[in-house]
Amino acid sequence: MHLIQVDSVQRWMEDLKLMTDCECMCILQSKPISIEKDEQNELILSSQHSTCDNLQLLLKRAWIISTELTRIAQKLEKNRWQRVHSMTVRVNCHVHSMINEYNAFTRSASQEMHQLEKLLIDKCSEFTAFTERCLQTEDEEILKSMKSCVNETLTTVAQYFGQLIELVLTQEAQNLLRQIELSGSLYVMESAISSLFSLAQEGAHLCRIIAKEGGVVALFKICRQDCFRCLYPQTLRTLASICCVEEGMHQLEKVDGILCLADILTDTSHSEATHAEAAAVIAQITSPHLTFTQHLSSFLENMEEIVTALVKLCQEASTGEVFLLASAALANITFFDTMACEILLQLNAMKILLAACSDKRIVDTPYSRDQVVTILANMSVLDQCASEIIQGNGVQLLMEMLFEKSSSGNPAEVAACERVQQKSAVTLARLSRDPEVADAAVKLSCIPRLIKLCRSPTDRNNSDSVLVACLAALRRLAVMSPDGLEDSDFQQLVKPRLVDSFLLCTNMEESFV
């Protein structure tokens, strides 16, 4: 699906391929000859839809209808009756086509679905007739009184449409899960899991539907049967997607999913791909961004063996992707429970992670370095970490991370680089309470780099979080080594209150540096 600037006839030709059931004259009448400003971004389906599966086509059609309904509401607010009517006709056509297409490929539609389809079609026809009457009326008072009725009808159309899509997606999820549970064919199961994964990629709402219909239960059932080992990676990847929602997490807890994941991670007979996907599920369910992880009581019971397996996976990772998944899971676990940091310390995880960072084949992106420095930052609250950092040349690594910069300019990568800079500064600030670490940082010229990041918005990509972290690290190092700062730096960046130094640096012009 894409946006194309086309004239009325071209647009009609594109629409016609997907609307063979609609009367041609009706379509032509709904396309005004004049090109208005908003028409230039007309949403149409790509003519190359034949490569998409039926469900994806349905979702595309549903997205277009939803978008058109929103635009009708906007035009209605501005009393653009000509546009409201033409768009209403177009929505009517899309609804007919969507229903016909779905009924053409679905095996069995329920009675409830047929009733909803009829309600929606009838209401769309009523909506079209209503807007046509409005178009033929020039009396402003009459139009004003009719506007509330049009709004009400639009709301009802949107409501029926939403209910129908919900029912369709629920039925499709049920069909896929039925195939997974009842089919003895590996090929059919693999295809169904793949379709379920694609469905889960469409957003949180679909993940909720899948979870409510028993998707997590069915997938973990596969992961407990040795005869389906070849399906484990794909199954675990789908589970990671579904467990981004609370319903998925509750289902995982009910079926002892944590224990199953722990068994997979600690079973050395499984492939690296299987271990990596299990790590991805762990990373998902322990994400610090989720607010519903508190109920994972069983995780604490299995945490030590899970952390041990993840550290081993980091150490033996053959690719950067495997290391990223394993280190992301470890990073999230260090947020999840402080005991994890102590376990990591006992496992010599610091040494393993620092060694991995020297291998550019394994730690090859800012995303991987972000996970490593997150673990280091969370472990640095422990006093024993200082000696580990010194022995593993960790201060040098933290110094290098202060220079992290995106090579592509991709927004996600830029954000990852900012996190690396911020967390490396935080780690330095925490570890510099140890004189030996502070001395090593001063010798590696960390102070000039921190000053540069404070004074130069470009170097820190205008990030306030990086600025605060650098000011904190600089102040800690200044206490340990006051001779490393010039008087102007001390007076502006160290001596004032932190908030005053922050305000000074955020208002600096580049020429001032």
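Trainee: How much space lies in the second largest pocket?
Mentor: Good place to start! Keep in mind that this is a predicted model. Among the residues that line this pocket, the closest to its centre are Ser287, Pro288, His289, Asn332 and Gln371. The space in the second largest pocket comes to about 300 Å³.

Trainee: Which helix gives the most to the lining of the second largest pocket?
Mentor: Let's look at the candidates. Helices H13 (272-285), H15 (320-336), H18 (366-379) and H21 (411-431) each supply at least two residues of that lining. With 4 residues, the one that gives the most is H15.

Trainee: How many charged residues does the lining of the second largest pocket have?
Mentor: We can sort the lining, which has 15 residues, by class. There are 6 nonpolar and 6 polar residues, and the number of charged ones is 3.

Trainee: Now for the cavities. How much space lies in the largest cavity?
Mentor: Happy to go there! The structure holds 3 cavities of 30 Å³ or more. For the largest cavity, the space is about 40 Å³.

Trainee: Which charged residue lines the largest cavity?
Mentor: By class, this lining has 7 nonpolar residues, no polar ones and 1 charged residue. The names are Leu58, Met98, Ile99, Tyr102, Leu164, Ile165 and Val168, together with Glu117. Glu counts as charged, so the residue you want is Glu117.

Trainee: And which elements give two or more residues to the lining of the largest cavity?
Mentor: Find Met98 and Leu164, two of the residues in that lining. The elements that give two or more residues there are helix H4 (81-105) and helix H6 (140-182).

How values were computed. Residues numbered from 1 in each chain as written. Predicted model: local features only at pLDDT ≥ 70, side-chain atom pairs only at ≥ 80, totals over all residues. Heavy atoms only, no water. 1 Å grid on protein atoms, 1.4 Å probe; cavity = no way out; pocket = protein on both sides within 12 Å on 5 of 7 lines; lining within 4 Å. Points joined across faces, edges and corners; volume = space filled by probe spheres on them.
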